[in-house]
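Thanks for sending this one over. Here are my notes, point by point, to read with the structure open beside you.

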Amino acid sequence: MGNKSNLIMLFTAAALLTASCGQPSDGPVVDGQSGTDSQMVTVGELGRLLGLRVSETTSTHVMLKDSANTVLIFTISGARVYVNAKPVAPVGKVDKSGGQIRVSRSLISKIRPAMQHPEGGPQAGLRRLSACVVIDAGHGGKDPGAKSVLGFYEKDINLAVASEVARLLSEKGLNVRMTRSGDSFVELDERAAIANRLEADLFVSIHSDSFPKSSRRGYTMYVARSASRSSFRAAGAIARSMSQTGLASHGTQTASYRVLTDTSGPAVLVEMGYLTNRSEAALLKDPYFQNRIAQAIADGILDYLS
Ligand SMILES: [Zn+2]
């Protein structure tokens, strides 16, 4: 696979691929489910750290791309890594266990100098524009979610904020999909399946919290217990941005919510505030405040993607 004609064929095939919602921007390999080994990263994470998307994965190689660079990583023992058709380093250790391909994080320092536009350069904006984000308004239809102390239901607030987040992100040119756009019931596994089918760069589920003690207030980010670093990074970016709303932060916590555990890519669940707290319920019902929260969530998502 290392000879020149094979490489040229691979580069030609890759040039025909484009990224958009519904067409994988991250290839069949998505973020790892754990960040336990600090030395090894999934090829999806490696691409993200370099500002590249995974455009192709086979049993022998992975291709990472942006509009200026093609990085070809051969994942068989003794193989090499190529940047724009030039060999830059041996691939080193490759871990293919658990349906994920992991390579040494140290490859970043070998690949980056050979790239035409390192991360943060002019390509960063392009990557963001090609990103696919799935916005999930929690509950809906026969499932109203929590009831607020003011009598309204969680599902309606979630939809109002989620719709505005989706509108703001679409306005920025991102490919945005909602799991529901009206008062309809969508099964939890279907919500995750939508993100998985689209190989979304990020799945964000929007909820409002409840608690037996009415004094409890503030927003919380949730990621799955075995979440990837990308999920934690996205949660951190949204939490930081949410502080602009003036609501108190409970930071990022882990939980086994189905929409988080069943999504294969980065996923965050946002609990915006407590419907069981009278003043937060009033804020969450206020269309002006809903827009402020939506803006903060959208800003956090854009921050994570750039
Ligand atoms: Zn909920």
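1. Let's start in the loop that runs between β5 (80-83) and β6, where you will find A85. Do keep in mind that this is a predicted model. The phi of A85 is near 70 degrees, a positive value in a residue that is not glycine. Most residues other than glycine have a negative phi. Is A85 buried or exposed? A85 has 12 C-beta neighbours inside 10 Å, and because 12 or fewer is the cut-off for exposed, A85 counts as exposed.

2. H139 makes a nice companion case. The phi of H139 is near 65 degrees, again a positive value in a residue other than glycine. H139 sits in the loop between β9 (132-137) and α5 (154-171). Here the surroundings are those of a buried residue, because 24 other C-beta atoms lie within 10 Å of H139 and the cut-off for buried is 20 or more.

3. Back to the sheet that includes β5 and β6. In what order do the five strands of this open sheet come? They follow the order β2-β3-β4-β5-β6, with antiparallel pairing. The edges are β2 (53-57) and β6 (86-90); each has a single partner strand, so one side of each is left without a neighbour in the sheet. From one strand to the next, the twist averages 25 degrees.

4. A closer look at the β2 edge may help you when you browse the model. Strand β2 runs antiparallel to β3 (residues 61-65), and four bridges join the two. Within this pair, V54 stands opposite L64 of β3. Lying across β2, β3 and β4 (70-74) is helix α2 (residues 43-50), which runs at about 145 degrees to β2.

5. Now to the nonpolar interior. Which residues have the most contacts inside the largest nonpolar core? They are V133, I238 and I297, in a core of 57 residues. Helix α10 (residues 287-305) gives the most to this core, with eight residues.

6. I238 is worth selecting on screen. Setting aside neighbours within four places in sequence, I238 is in contact with M221, V268, V270, I297, G300 and I301. One of these partners, I297, is also among the residues with the most contacts inside the largest core.

7. Finally, please don't overlook the other core. A second, separate core has 23 residues, including V43, V83, V103 and M115.

Technical notes: Residues are numbered from 1 along each chain as its sequence is written. This is a predicted model: local features need pLDDT of at least 70, side-chain atom pairs count only at pLDDT 80 or more; totals for chains, interfaces and linings use all residues. Two strands pair if DSSP finds at least two bridges between them. Axes are lines fitted to C-alpha atoms, for helices over the stretch in contact, and angles run from 0 to 180 degrees between N-to-C directions. Two residues are in contact if their C-beta atoms, placed from the backbone, lie within 7 Å. A nonpolar core is a set of buried Ala, Val, Leu, Ile, Met, Phe, Trp, Tyr and Cys residues joined through C-beta atoms within 7 Å.
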